[in-house]
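Reader: I should like to go through this structure with you, beginning with the ligand. Could we take the contacts one at a time?

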Amino acid sequence: MDVTAGGTAGRPRRIVVCIKQVPRAQELQVDPVTQTLKRVGVPSEINPPDANALEMALQLKDRLGTEVVVLSMGPTSFDESLERAVAMGADRSVLLTDRILGGSDTVPTAYALSETIQKIGGYDLLLCGEETTDASTGHVGPGIAGHLDLPQITYVSEVRIINGKVRARRTAEDGTEWWETTMPCLCTVNFGCNRPREPTLTGKIRVKRGGLVTHWSCADVGIDPKKVGLFNSPTIVAKVDTVRLPSRSGQIFSGEPEESVRKLLASLVADRVIAA
Ligand SMILES: Cc1cc2nc3c(=O)[nH]c(=O)nc-3n(C[C@H](O)[C@H](O)[C@H](O)COP(=O)(O)OP(=O)(O)OC[C@H]3O[C@@H](n4cnc5c(N)ncnc54)[C@H](O)[C@@H]3O)c2cc1C
């Protein structure tokens, strides 16, 4: 994927990529008692569209030498994903972690992340995934842009830096659109638009040496405790349903092809899959 054109003139100096650690999609389980997602003891991963956003940032870094900072908000178990991001090639990462953030919905999450981005400072481009696989609201990226009063381009599959501006290909319902905006700006990145690279040995050694994952509390960032957490979140998840799929069965029709097809059609008619 071509991420840049027009040389290094007006290149972004710092890209901040927001990533969330989510339970692996195949392992998603809802606690039948609390009706919340089970996160402890469940294999986790970088939210897949966020891995695409990180790859997009790393391709810009490869071409333009831009610094890539990865940011997450969550418990310290999220270090696993931040370390992976650094091992993939990010320069450093920041985890906003504080008990008072627990239960935050998208409103406090966008507020807290935008305050942390301001503390990181010096950014020209912010990248988020299009949405997460565990709650899938897609609110947080646009929420951050709103708090920071930045132009935003959503559902982006390709970014070019041209004469100091961001030109991005956006997926629309009936095709694709090209949008251009000044920096600093925010883009939300489409799932599957590129192939995220694997961590390298050099990257893993950098992680092992330490010092590249910084933890900040709300007090460190200057986040107002009255604006975060469960009790300052306007959304209430009233009920979560688990879809129970009916058990599946199969039938093999063997014998001569003509006879097998006749039996198959009769069976489909009997099951009302097709009309007689
Ligand atoms: C089953 C369930 C349902 C929920 N329903 C709602 C709901 O209806 N409304 C609501 O407000 N909240 C809801 N939540 C809470 C929601 O998980 C949190 O608000 C969460 O912090 C952000 O929402 P999201 O996962 O939908 O992010 P999205 O808005 O889908 O995320 C978009 C992008 O923002 C960035 N991002 C999101 N979260 C973080 C993070 N913690 N750290 C760094 N970057 C991040 C990533 O780049 C991500 O790809 C729900 C949670 C669960 C478990």
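Reader: Which atom of Val140 does an oxygen atom of the ligand approach?

Author: In this predicted model, a ligand oxygen atom lies 2.8 Å from a polar backbone atom of Val140.

Reader: And how far is an oxygen atom of the ligand from the side chain of Thr109?

Author: The distance from a ligand oxygen atom to an N or O atom in the Thr109 side chain is 3.0 Å. For Asp105, a polar backbone atom is 3.4 Å from an oxygen atom of the ligand.

Reader: Which residues come nearest to the ligand?

Author: Cys18, Lys20, Asp50, Thr132 and Thr137 come nearest, out of 27 residues around the ligand.

Reader: Turning to the helices, at what angle do the axes of H3 and H4 cross?

Author: The axes of H3 (residues 106–120) and H4 (residues 140–148) cross at roughly 55° and come within 8 Å. The two helices are therefore oblique to each other, and their crossing is right-handed. Among the contact residues are Thr109 of H3 and Val140 of H4.

Reader: How do the residues of that contact of H3 with H4 divide?

Author: The contact of H3 with H4 has eight nonpolar residues, six polar and no charged.

Reader: What about H2 and H5: at what angle do they pack?

Author: H2 (residues 79–88) and H5 (residues 201–209) pack at about 130°, with axes 7 Å apart. They are therefore oblique to each other, and H2 passes H5 in a right-handed crossing.

Reader: Which residues of H2 and H5 meet?

Author: Glu83, Val86 and Ala87 of H2 meet Gly203, Lys204, Arg206 and Val207 of H5. That contact of H2 with H5 comprises three nonpolar, one polar and three charged residues.

Notes:
Residues numbered from 1 in each chain as written. Predicted model: local features only at pLDDT ≥ 70, side-chain atom pairs only at ≥ 80, totals over all residues. Heavy atoms only, no water. Axes fitted to C-alpha atoms, helices over the stretch in contact; angles between N-to-C directions. Helix = DSSP H or I, 4+ residues; strand = E, 2+ residues; numbered from the N terminus. Parallel < 35°, antiparallel > 145°, perpendicular 65-115°, else oblique. Left-handed = near helix turned anticlockwise from the far one by under 90°. Contact = heavy atoms within 4.5 Å. Nonpolar A, V, L, I, M, F, W, Y, C, P; charged D, E, K, R; others polar. Near = heavy atom within 4 Å. Polar contact = N/O pair within 3.5 Å; in protein donor to acceptor, adjacent residues only side chain to side chain.
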